Amino acid sequence: MLVTAYNFSLNHSLPQGLVTINKFDGSSPALASSTTGGKILIHTPHSKDEMDPVLGLKGKDIQYLNVNKDVVCLSGGQLNPTIDRDLLMIGSKTNLLVYDVNENSDVFDKEVEDGINCMLFAKDFNPAFPLVLTGGNLSLTGFDISSDDQFWTVTGDVANTMEILDFDLDQEKELLVGSDDYSIRVYKGEELIFDINEESKIQFLSKIQNTSFAYSLNNGSLGVYSGSQQKWNKRVDNKISALLGVDYDMDGSCQLMVGYQSGKVEVRKSIDGEVAQTTNMGASISKIAYEDYRLEGTPQVVICNTDGDIKGFNITNNAAAFETNNTGGKQTDAAINKLTKEIMKLEADLDKDNFEKKEADAKNLASVVPSEFKCSIIQSTVDESACLIFEVDAGLVIRSVLLFSDILFENGSYVSCPMKGTNSITVPISPSKSVECEVDCKIIVGNSVSAEDFMTLHETVVFKKFSLFKNIEFSKDYSEGKAPVNVVSYRMKERPNRILLWAQKVFNLNTEQEGYVINKSDSLDVMFLHVKTQKQLIIQARIESSGMMFQISHDDLETIGDMVQDMCVFMSIHELEPENIECPFDAKLATELIENIGEYDKLRGHFSANIAESVNNAKAFVVKGEFSLMLGDMASVKKNYTVVQQENGSLIGEYLQRRNNHEELVKSLKELNNFIRKASNLRLGPSKGLIVSKSREAIKAKKTIDVVKICLGNGPKF
């Protein structure tokens, strides 16, 4: 239970997500936050000169650090293990600045080529030394105190949030990354070990306890996972701005604190998401932390809002103490409790009336709708989309079908109400990405559309992951321009029948017509057509003397990788490496990207030199102009400042060219990282992480041309 301990204001705005509390002097906590104009505000209430026990603000309590850059993320921690104090880490769009507040000096200012979107200090992720992790455009980078990138790997999209916890209870910390492609990825070192698909962009991740973590999405969803198992998921009306796991009721089990942009703060039970307590800060919550901000020996929950208000809460399990500290709201609480009891009584009476009505309706319904009838639900793929087909016995009609899925439907639900009586309804489904999910189906059935009584059936269907691929008749005579350009083959200790079992799980196969699924004891041939892109997919398997050769052909290398990963999970395969990869278009594109990156890198140095030259020339002529002014030589003043104006125009032009060049460089690096990620996704086990690490080494050594050779290989095929 939370009890107010203190409340004060900094009289400065605290932007959402750009607040951190750390011990920059090694002993007392201080608050750092980004402000306007590229400045960092540092509040140190426990300075050695004077300490105010009630946190009264003095002018010297607040310091400012000029970084002259737009700050996108802020963190702090003991990055240097040789000194006993925290360092401040400031992330801009292109640079990582590590600053020693106590010494008032920069530790390093590192340019991050892949950009920075989020940042996390990770003390235990690398057992050798602490790292500051940055999430950028399709990549994750970890820097040590020497600014060396000791960790680097690729991710599926722009990283938005990161968290560290022991995901699989192996006594080692894993890295969780939430990104724009609706995925939460789990990394053990540089290797991706698990992927969780959600229905919207990942907004926040926060550790609760052990393997449990909370997440929030841009569409308002909030939930908790324990490892790979989801505990609960709820939709909230207000937009979430902060998450924190804390032992709210002092029972050894942490609960979830949620801050909203409306200023409301909730404490939710981590086991089911029920609200245990609420409070309000009056403005959008920018940070929730658990720190001993008053140096009392016991941490408090510290909540900051965007108006600069800071409120501390003690945690207690003593209800009497809570009432004593909240006498002003005692009468209000009593009134609320009284109204709650009245509402519960009215709801009980209403439930009783509804139960009696349902019993009467059931008796009436039994006379018009058979007590036992069949309702079949068939998954299929038609010319333009996947679909669910609902069908009931002849003589009955489907009045409407209600489908619920946050992943498949934009607003979380879909309703179909046919105007005419029919015993069969086809509902088209066109997901934005390949994902397996549960669809909650409610089918309303009656004797006719105009009937007064209907029966509701409740069914749950698992929507197949690759339902947008339509099974077509197998043929090696490809249509012109439709033959898959990418071919990846593997040698496996498996049987073709196992491949077929996996295909039945994730595709809508046509096993009734001959020629669509050619399954023999030693071979398998299946062909598909993507209903949106009209690109072919071919899956083949052959038993040979050295094992089964499995081959998959498709134009999209990323889709091939997704299918390989899904198949390995289904078959419990832990290590897999392709014998042959043919992807001419992707290889050509990667080669062009590498050439462009080299050119952009050269131009960056050229523009930097030109800018430095223009700055020096401008300074020199400003000095000459001022000297001429002192001598009263107005002609020379005009001449010198004309040159300054010209140099200023040149400086602006060079800067614009450098900015455009940098944007193109970042774009090319993002696409190259995506190529590395797709190539690594064709593998499983140690080789998957090796591809990423070797590619990074080649990029660091300026041997980018070797990246294509590392990612792709040659070998036998059918």
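**View 1. A salt bridge joins Lys69 and Asp109 in this predicted model.** Start with the side chains of these two residues, whose N and O atoms lie 3.6 Å apart. Lys69 sits in the loop between β5 (62–66) and β6 (71–77), while Asp109 belongs to strand β9 (residues 105–111), so the pair ties together parts that are 40 residues apart in sequence. Lys69 is partly exposed, at 32% relative accessibility, and Asp109 is partly exposed too, at 44%.

**View 2. Here Asp181 and Arg185 form a salt bridge.** Their closest N and O atoms are 2.6 Å apart. Asp181 is buried, with 17% relative accessibility, and Arg185 is also buried, at 7%.

**View 3. Ser179 is buried in strand β15.** The strand covers residues 174–179, and the relative accessible area of Ser179 is 0%. What surrounds Ser179, leaving aside its neighbours within four places in sequence? Look for Asp157, Val158, Ala159, Asn160, Arg185, Lys201 and Ile202, which are in contact with Ser179. Arg185 may look familiar, as the salt-bridge partner of Asp181.

**View 4. Helix α3 has its buried residues on the same side.** In this helix (residues 496–506), look for buried Pro496, Ile499, Leu500, Trp502, Ala503 and Val506. Around the axis they cover an arc of only 165°, which puts them on the same side of α3. An α-helix has 3.6 residues a turn, so residues three or four places apart point the same way. The buried residues of α3 pack against β38 (517–520), β39 (523–530), β40 (536–544), β41 (547–554) and α4 (557–571).

**View 5. Glu436 and Lys505 meet in a salt bridge.** Their N-to-O distance is 3.0 Å. Glu436 lies in the loop between β33 (424–429) and β34 (437–446) and Lys505 in helix α3, so this pair links distant parts of the chain, 69 residues apart. Both ends are partly exposed: Glu436 at 36% relative accessibility and Lys505 at 34%.

**View 6. Phe627, Met630 and Leu631 make a nonpolar surface patch.** Together, the three residues have about 400 Å² of accessible area. Leu631 belongs to helix α5 (residues 584–631) and is exposed, with a relative accessible area of 61%.

**View 7. This span carries the UniProt feature "domain: BBS2 hairpin".** The unreviewed entry places this feature at residues 587–681. Over these residues the chain is 97% helix and 0% strand, and the end C-alpha atoms are 15 Å apart.

How values were computed. Residues numbered from 1 in each chain as written. Predicted model: local features only at pLDDT ≥ 70, side-chain atom pairs only at ≥ 80, totals over all residues. Heavy atoms only, no water. UniProt positions renumbered as here; feature names shortened; annotations may be inferred. Helix = DSSP H or I, 4+ residues; strand = E, 2+ residues; numbered from the N terminus. Buried < 20%, exposed > 50% of the residue type's maximum accessible area, 1.4 Å probe, protein only. Contact = heavy atoms within 4.5 Å. Patch = residues over 30% accessible without salt bridge, like charges linked within 9 Å, V, L, I, M, F, W, Y side chains within 5 Å. Areas by Shrake-Rupley, 256 points an atom, 1.4 Å probe, with all protein chains shown as cover. Salt bridge = Lys/Arg side-chain N within 4 Å of Asp/Glu carboxyl O. Arc of directions from axis to C-beta.
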